[in-house]
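Visitor: I'm new here, so could you walk me through this one? I'd like to ask some questions as we go.

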Amino acid sequence: MPELPEVETVANDLNQYLRGKIIARLELIGRHSLVKNSWPDFKKSLQGKKVLKVYRRAKMIVVALESGYLLFHLKMTGQLIYVLKKSLVAGGHPIASTGVAVPNKFTRLIFHFKNGGVLYFNDIRKFGWVKFLKNEAFEALDKATGLEPLSKEFTFKRFEEILQRRSRTSLKAALLDQKHLVGLGNIYVDEVLYNAGLSPKRLAGSLKEKEKIKLFKAIPLILKKSIARRGTTFSDFLDAQGRQGGFAALLKVYGRASLACPRCGAPIIKSRLAGRGTHWCKNCQK
DNA sequence: CAATCAACCTGGGTGC
DNA sequence: TGCACCCAGGTTGATT
C-alpha cells in the first residue's frame, strides 16, 4: 500500500494527534509476529512514555519518545487510525468519510493514550510490523537507511551516482531499490518514469545528461504532488483519520492498462518487469 | 557483488 | 455457489 506520500500523510497526521500524549496501555489481538520485540519488553518500553514527535523516514513511521523510538512499517496493507475514545460507539467507531469502522477484524494492535485517544494498527495481510528501538539502535538504523528524495541531500550528483551503481539493470528495478534511494514504490516509479518520458526497460546506465535531469526533477515533483493530495488510495490505503487519499484520480499510467495515454492517446501497456506489474506508454516513453 | 524470484498473508476479482 | 487461479502501494533471504 503505502509509498512515500502515503507514509508521509499518516506520519504528519499522527504528529498532530500524538505529540505530547502519553501511552497508557497496549492491547495485542491474536498471536502474530507483527511486534518485533518480545511482548513484555515492548509493553515495558512503551507504557507511561510521552510522544515527542512523529515523522517519516523512508517508508517507516517514526514515533520519537522521551526515551527510544517506536517504528512502524505498513508494508502493503497496514493502516494506523487514531480516534478519541469519547467518540467510540458500541461495536466500533464508524468513520464518516469511508464507512470503515475501528476496531475491525484486521485490527492487530491497539495503543490507548492517557487523553482517551486510541491508535489502531490494522493490517489485512499481516506483512506490517512495529518495533521499539533504543536511541543508539535507532541512530544506527537511520544512518544505514538510504537517501531521502525530498531532502536537500538529494542532489543531481548523488542521483547520478545511484544510477551508476545500478547501471546494468532497468530503470524500473533501479528506482524500486530502497538501498540507496528510498520512498519510491511500484506506483510512483511508473508515474515518475512517465513524467520523465523514459521507458521502465531502459538500463539505468544508458541515460543521456538531459534524460538524467528529467528523471531527477520528476522524482520530487510527483512525490510532492501526491503528498498535496494526501497520497493514493488504490484499494486499502487510509490516512490516520480513516480517509482515502486523493491522488488516484491524477495517476497517468498506474492502474490504467489499455486506457488512453493522457499525452498521446496510445493505449497504456502493462507487463511484468522487475517482478512487478509495470505500466507505461510505448509512444511517449523512450 | 548484482540480479532474479519465491515467500510472507489475506482478500478481491475473473473465468469455468 | 464453488473452486481454481491470478493479482495486489513491500521487503528479504536463497539461489543463480
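What follows is a short chat about a predicted model.

Visitor: How many aromatic pairs does a search of the whole structure find, and how is the pair of phenylalanine 154 and phenylalanine 159 arranged?
Guide: The search turns up 13 aromatic pairs. In the pair you mention, the ring centres are 5.7 Å apart and the planes meet at 70°. Planes over 60 degrees apart count as edge-to-face, so this pair is edge-to-face.

Visitor: What about phenylalanine 154 and phenylalanine 216: what kind of aromatic pair do they form?
Guide: Their rings sit 5.0 Å apart, centre to centre, with 35° between the planes. Stacked needs under 30 degrees and edge-to-face needs over 60. That angle falls in neither range, so the pair is tilted.

Visitor: Where in the chain do those two residues sit, and how many residues apart are they?
Guide: Phenylalanine 154 is in the loop between helix H3 (135-144) and helix H4 (156-165). Phenylalanine 216 belongs to helix H7 (residues 209-228). The pair links distant parts of the chain, 62 residues apart.

Visitor: Is phenylalanine 216 buried or exposed?
Guide: Its relative accessible area is 17%. Buried means under 20%, so phenylalanine 216 is buried.

Visitor: Threonine 145 is in the loop between H3 and H4. Is threonine 145 buried or exposed, and which residues does it touch?
Guide: With a relative accessible area of 15%, threonine 145 is under the 20% cut-off, so it counts as buried. Leaving out residues up to four places away in sequence, threonine 145 touches Arg57, Ala58, Met60 and Val182.

Visitor: Which ring does the charged end of arginine 263 sit over?
Guide: The charged end of arginine 263 is 4.0 Å from the centre of that ring. The ring belongs to tyrosine 194.

Visitor: Let's turn to the DNA. How do the residues of the surface near DNA strand B divide into nonpolar, polar and charged?
Guide: The residues around DNA strand B include Lys105, Phe106, Ile124 and Thr169. Arg125, Lys126 and Arg166 are also among them. The split is 3 nonpolar, 1 polar and 5 charged.

Visitor: Which part of DNA strand B is 2.9 Å from the side chain of arginine 125, and which is 2.7 Å from that of arginine 166?
Guide: For arginine 125, a side-chain N or O atom is 2.9 Å from a base oxygen. For arginine 166, a side-chain N or O atom is 2.7 Å from a phosphate oxygen.

How values were computed
Residues are numbered from 1 along each chain as its sequence is written. Chains are lettered from A and ligands numbered from 1 in the order in which they are written. This is a predicted model: local features need pLDDT of at least 70, side-chain atom pairs count only at pLDDT 80 or more; totals for chains, interfaces and linings use all residues. Side-chain values use heavy atoms; hydrogens and water are left out. Rings of Phe, Tyr and Trp (its six-membered ring) pair if their centres lie within 6.5 Å; planes under 30 degrees apart count as stacked, over 60 as edge-to-face and the rest as tilted. Helices (H or I, at least four residues) and strands (E, at least two) are DSSP runs, numbered from the N terminus. Buried means under 20% relative accessible area, exposed over 50%, partly exposed in between (1.4 Å probe, protein chains only). A charge sits over a ring if NZ of Lys or CZ of Arg is within 6 Å of the ring centre and within 35 degrees of the ring normal. Contact means heavy atoms within 4.5 Å. A residue is near a molecule or strand if one of its heavy atoms lies within 4 Å of it. A polar contact is a pair of N or O atoms within 3.5 Å; within protein, one must be able to donate a hydrogen and the other to accept it, and residues adjacent in sequence count only if both atoms are side-chain atoms. Ala, Val, Leu, Ile, Met, Phe, Trp, Tyr, Cys and Pro count as nonpolar, Asp, Glu, Lys and Arg as charged, and the others, Gly among them, as polar.
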